[in-house]
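Grab a coffee and work through these short exercises with the structure open beside you. Try each task before reading its solution.

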Amino acid sequence: MVRTTYLEITSKAQWIRRSRPETGLDIRECLVKQPQFNRFLYEYIGRDWKWTFRLSWSPERWNAYASAENLRTFVAYQGGSIAGYYELRRDEDGVEIRILGLAPGFIGRGHGGPLLDHAIETAFGWGASRVWLHTCTDDHQNALNNYCKSGFAIFKVENETADESSASAG
Ligand SMILES: CC(C)(COP(=O)(O)OP(=O)(O)OC[C@H]1O[C@@H](n2cnc3c(N)ncnc32)[C@H](O)[C@@H]1OP(=O)(O)O)[C@@H](O)C(=O)NCCC(=O)NCCS
């Protein structure tokens, strides 16, 4: 059974900032759309977390997804190496943190809060009145807590079998 939890922040007042300047993440937006880079990030960051669904996407589907005007990609670097990334997607429901993760070797060292802060700040700066996301029990054990510590509130929980979950993920 896979449990997916949906969370939201509906005002800046709800957001609990957790940035730590000393973590030294250099977070840059990928201003030139490179769908193959999104695919690389998804595979690299998600390989330990069963992020397999999008690996079956065709190049055309990756192009349509990552080149869309309402999709933005941000990569966190430390010492020039990839420390993590996130994607934001804007639609009529607000801005979704479509995906967020740290690279192997950067997990459990206090980077989750600053990366999430950057995503929330960018989402509000993009005009969001609501920032939302979902996480499932296949994700890292810190993921749900990471979102709750930043002020996200749960608005929906779904339980699915592993088969249903892999069919709908991504
Ligand atoms: C979810 C994820 C971003 C959370 O990041 P994390 O590194 O595991 O957790 P955090 O950075 O929040 O660290 C947790 C706590 O460890 C402590 N900590 C551990 N080492 C630390 C250090 N070197 N410096 C400071 N705090 C540290 C802190 O108390 C921190 O909590 P705080 O920021 O509220 O003080 C990360 O686990 C991840 O990317 N996982 C894989 C992909 C995934 O599951 N993504 C979620 C998909 S929805």
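**Exercise 1. Work out what percentage of the chain's residues are buried, and check its radius of gyration against that of a compact globule.**

Solution. Keep in mind that this is a predicted model.
- Start with burial: a residue counts as buried if 20 or more other C-beta atoms lie within 10 Å of its own C-beta. By that count, buried residues are 28% of the 170 in the chain.
- Next, the overall dimensions: a compact globule of 170 residues would have a radius of gyration near 15 Å, and the chain has 15 Å, so the two agree.
- Along the principal axes, the C-alpha atoms fill a box of roughly 40 × 35 × 35 Å.

**Exercise 2. List the helices and strands in sequence order, then find out what share of the contacts joins residues at least 24 apart.**

Solution.
- Count first: you should get five helices and seven strands.
- Walking along the sequence, the order reads β-β-α-α-β-β-β-α-β-α-β-α.
- Now take the contacts between residues at least 6 apart in sequence: 73% of them join residues at least 24 apart.
- For a pair that is far apart in sequence, try Lys156 and Leu7: they sit 149 residues apart along the chain, yet their C-alpha atoms are separated by 7.2 Å.

**Exercise 3. Decide whether Lys156 is buried or exposed.**

Solution.
- Locate Lys156 in strand 7, residues 153-160.
- The cut-off for exposed is 12 or fewer other C-beta atoms within 10 Å.
- Lys156 has 11, so Lys156 is exposed.

**Exercise 4. Check the length of helix 3 and find what its buried residues pack against.**

Solution.
- At 1.5 Å a residue, the 14 residues of helix 3 should span 20 Å; the end C-alpha atoms are 20 Å apart, so the helix passes the check.
- Its buried residues are Gly112, Pro114, Leu115, Leu116, Ala119, Ile120 and Ala123.
- These pack against strands 1, 3, 4, 5 and 6, and also against helix 4.
- After the helix comes Gly127, with a positive phi near 100 degrees.

**Exercise 5. Describe the shell of residues around the ligand.**

Solution.
- Of the 19 residues around the ligand, the ones that come nearest are Gly110, Gly112, Asp139, His140 and Asn142.
- Strand 5 (94-102), helix 3 (112-125) and helix 4 (143-149) are the elements that each give two or more residues to this shell.
- Sort the shell by character, and you get five nonpolar, ten polar and four charged residues.
- Notice that Gly112 turns up twice: among the nearest to the ligand, and among the buried residues of helix 3.

Methods. Residues are numbered from 1 along each chain as its sequence is written. This is a predicted model: local features need pLDDT of at least 70, side-chain atom pairs count only at pLDDT 80 or more; totals for chains, interfaces and linings use all residues. A residue is near a molecule or strand if its C-beta atom, placed from the backbone, lies within 6 Å of it. Helices (H or I, at least four residues) and strands (E, at least two) are DSSP runs, numbered from the N terminus. Ala, Val, Leu, Ile, Met, Phe, Trp, Tyr, Cys and Pro count as nonpolar, Asp, Glu, Lys and Arg as charged, and the others, Gly among them, as polar. The radius of gyration is taken over C-alpha atoms; the globule rule is 2.2 Å times the number of residues to the power 0.38. Two residues are in contact if their C-beta atoms, placed from the backbone, lie within 7 Å. The expected span of a helix is 1.5 Å times one less than its number of residues.
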